[in-house]
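These are my notebook entries on a single chain, written as I looked things up. I begin with one ring and work outwards to the whole fold.

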Amino acid sequence: QVQLVESGGGLVQPGGSLRLSCVLSGIPSRFVTMGWYRQAPGKQREFVADITTFDFAKYSDFVKDRFIVSRDNAQNKVFLQMDNLKPEDTAIYYCTAAHAIYWGQGTQVTVQG
């Protein structure tokens, strides 16, 4: 059974940083693209970033130059380093695997002063 578990969310002030982690079980992460989506209150879920098995990273325009996605296949993990956070980054962040076939339960990120 494939499972994704996120951690690292929380409350942070504007301009602050958070690092999200996600551990994948059930399949080796080195075989799949891993990524992140988010859903803000009252809005649709949207793509944030992903990273392929060849370590090619792709970002949405609204997080480019602020967020960095990375992976550690030895730990079966994917990470999202989020810097210069803005109130509009407030959302539930979801980890995905295999081009968003598999989803985690999400972790809340709240940015407010």
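I looked up Tyr94 first and found that this residue is buried, at a relative accessible area of 10% (buried means under 20%, exposed over 50% and partly exposed in between, with a 1.4 Å probe and protein chains only). The model is a predicted one, in which local features need pLDDT of at least 70 and side-chain atom pairs count only at pLDDT 80 or more, while totals for chains, interfaces and linings use all residues. I number residues from 1 along each chain as its sequence is written, and side-chain values use heavy atoms, with hydrogens and water left out.

**Aromatic rings**

I searched the whole structure for aromatic pairs and noted 3, where rings of Phe, Tyr and Trp (its six-membered ring) pair if their centres lie within 6.5 Å, and planes under 30 degrees apart count as stacked, over 60 as edge-to-face and the rest as tilted. One of them joins Tyr37 and Trp103, a tilted pair with 4.9 Å from centre to centre and 50° between the planes. Tyr37 belongs to strand 4 (residues 34-39) and Trp103 to strand 10 (residues 102-103), so this pair ties together parts that are 66 residues apart in sequence. Strands here are DSSP runs of E of at least two residues, helices are runs of H or I of at least four, and both are numbered from the N terminus.

I then checked how far these two side chains are covered: Tyr37 is partly exposed at 21% relative accessibility, and Trp103 is partly exposed at 31%. The ring of Trp103 also pairs with that of Tyr94, and because the centres are 6.0 Å apart and the planes stand at 70°, I record this pair as edge-to-face. Ring pairs link Tyr37, Phe47, Tyr94 and Trp103 into a cluster.

**Gly35**

I turned next to Gly35, which lies in strand 4 and is buried at a relative accessible area of 1%. Leaving aside neighbours within four places in sequence, I list its contacts as Ala49, Asp50, Tyr94, Cys95 and Thr96, contact meaning heavy atoms within 4.5 Å. With Thr96, the C-alpha to C-alpha distance is 5.0 Å across a sequence separation of 61 residues.

**Positive phi**

Which residue in the loop between strand 6 (57-59) and strand 7 (67-72) did I stop at? I stopped at Asp65, found in that loop, since I wanted its backbone angle: phi is near 75°, a positive value in a residue other than glycine. Asp65 is exposed, with a relative accessible area of 80%. Ala100, in the loop between strand 9 (91-97) and strand 10, likewise has a positive phi, near 65°.

**The whole chain**

I closed with the overall fold, in which I counted 0 helices and 11 strands. The radius of gyration is 13 Å, close to the 13 Å that the globule rule gives for 113 residues, so the protein is as compact as a globular protein of that length (the radius is taken over C-alpha atoms, and the rule is 2.2 Å times the number of residues to the power 0.38). The C-alpha trace spans about 40 × 25 × 25 Å along its principal axes, and buried residues make up 42% of the 113. Among contacts between residues at least 6 apart in sequence, 52% join residues at least 24 apart.
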